[in-house]
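Student: Hi, I have a structure to go through for class and could use some help reading it. Can we take it step by step?

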Amino acid sequence: MSIASVETARLVEVVGPAPVLLTVEEAAYCLRIGRTTCFALIRTGELESLMVGGLRRVPADAPASYLARRRAEQRAA
């Protein structure tokens, strides 16, 4: 086992499995934007989200999907 895989194994033990859903604040942090801006993207439908009980959650892959769409739009322009 290499040193890198040992370090990765330790990280997984400490951090745990990757989250499936993010809070709005976590999604904003991933995109390096503010919480208010993140809510605005959700409100306009640009960033996917869903309600779980009374809580707004963002699928973990939604920030990357949003970024990919924005990059494609800029390339097309």
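Student: How many of the contacts join residues at least 24 apart?

Tutor: Among the contacts between residues at least 6 apart in sequence, 40% join residues at least 24 apart. Please keep in mind as we go on that this is a predicted model.

Student: OK, and which elements does the chain have, in what order?

Tutor: The secondary structure comes to four helices and three strands, and, if you start from the N terminus, the elements run α-β-α-α-β-β-α.

Student: How do the three strands sit in the sheet?

Tutor: They form an open sheet in the order β1-β3-β2, and the pairing is antiparallel. In that arrangement β1 and β2 stand at the edges with a single partner strand each, so one side of each has no neighbour in the sheet.

Student: What actually holds strands together in a sheet?

Tutor: In general, strands of a sheet pair through backbone hydrogen bonds, and the pairing can be parallel or antiparallel. Here, two bridges join β1 to β3, while three bridges join β2 to β3, which covers residues 55–59.

Student: Which residues face each other there?

Tutor: For the pair of β2 and β3, the bridge partner of L50 is R57, and on the β1 side L21 stands opposite P59 in β3.

Student: What about the turn between β2 and β3?

Tutor: Those two strands form a hairpin with two residues between them, and G53, which lies in the turn, has a positive phi of about 65 degrees. A positive phi also turns up at R32, just after α2, where the value is about 60 degrees.

Student: Switching to α2 then, which of its residues are buried?

Tutor: Helix α2 covers residues 24–31, and its buried residues are V24, A27, A28 and L31. Seen down the helix axis, these buried residues fall within an arc of 100 degrees, so they line one face of α2.

Student: And what does that face pack against?

Tutor: The buried residues of α2 pack against β1, α3, β3 and α4, where α3 is residues 35–44 and α4 is residues 62–76.

Student: How much of the whole protein is buried?

Tutor: Of the 77 residues, 18% count as buried. The accessible surface comes to about 5,800 Å², and 60% of that belongs to carbon and sulfur atoms.

Student: Which residues make a nonpolar patch on the surface?

Tutor: That patch is formed by V20, L21, L50 and V52, which together have about 310 Å² of accessible area. You have already met two of its members, since L21 is the residue opposite P59 and L50 is the bridge partner of R57.

Student: Why does L21 count as partly exposed?

Tutor: L21 has a relative accessibility of 34%, and partly exposed is the class between under 20%, which is buried, and over 50%, which is exposed. As for its place, L21 is in strand β1, residues 21–22.

Student: Last one: where is S65, and how far is it from E46?

Tutor: S65 is in helix α4, and it counts as partly exposed because its relative accessibility is 32%. S65 and E46 are 19 residues apart in sequence, and their C-alpha atoms are 9.7 Å apart in space.

How values were computed
Residues numbered from 1 in each chain as written. Predicted model: local features only at pLDDT ≥ 70, side-chain atom pairs only at ≥ 80, totals over all residues. Heavy atoms only, no water. Patch = residues over 30% accessible without salt bridge, like charges linked within 9 Å, V, L, I, M, F, W, Y side chains within 5 Å. Areas by Shrake-Rupley, 256 points an atom, 1.4 Å probe, with all protein chains shown as cover. Salt bridge = Lys/Arg side-chain N within 4 Å of Asp/Glu carboxyl O. Buried < 20%, exposed > 50% of the residue type's maximum accessible area, 1.4 Å probe, protein only. Pairing = 2+ DSSP bridges. Arc of directions from axis to C-beta. Contact = heavy atoms within 4.5 Å.
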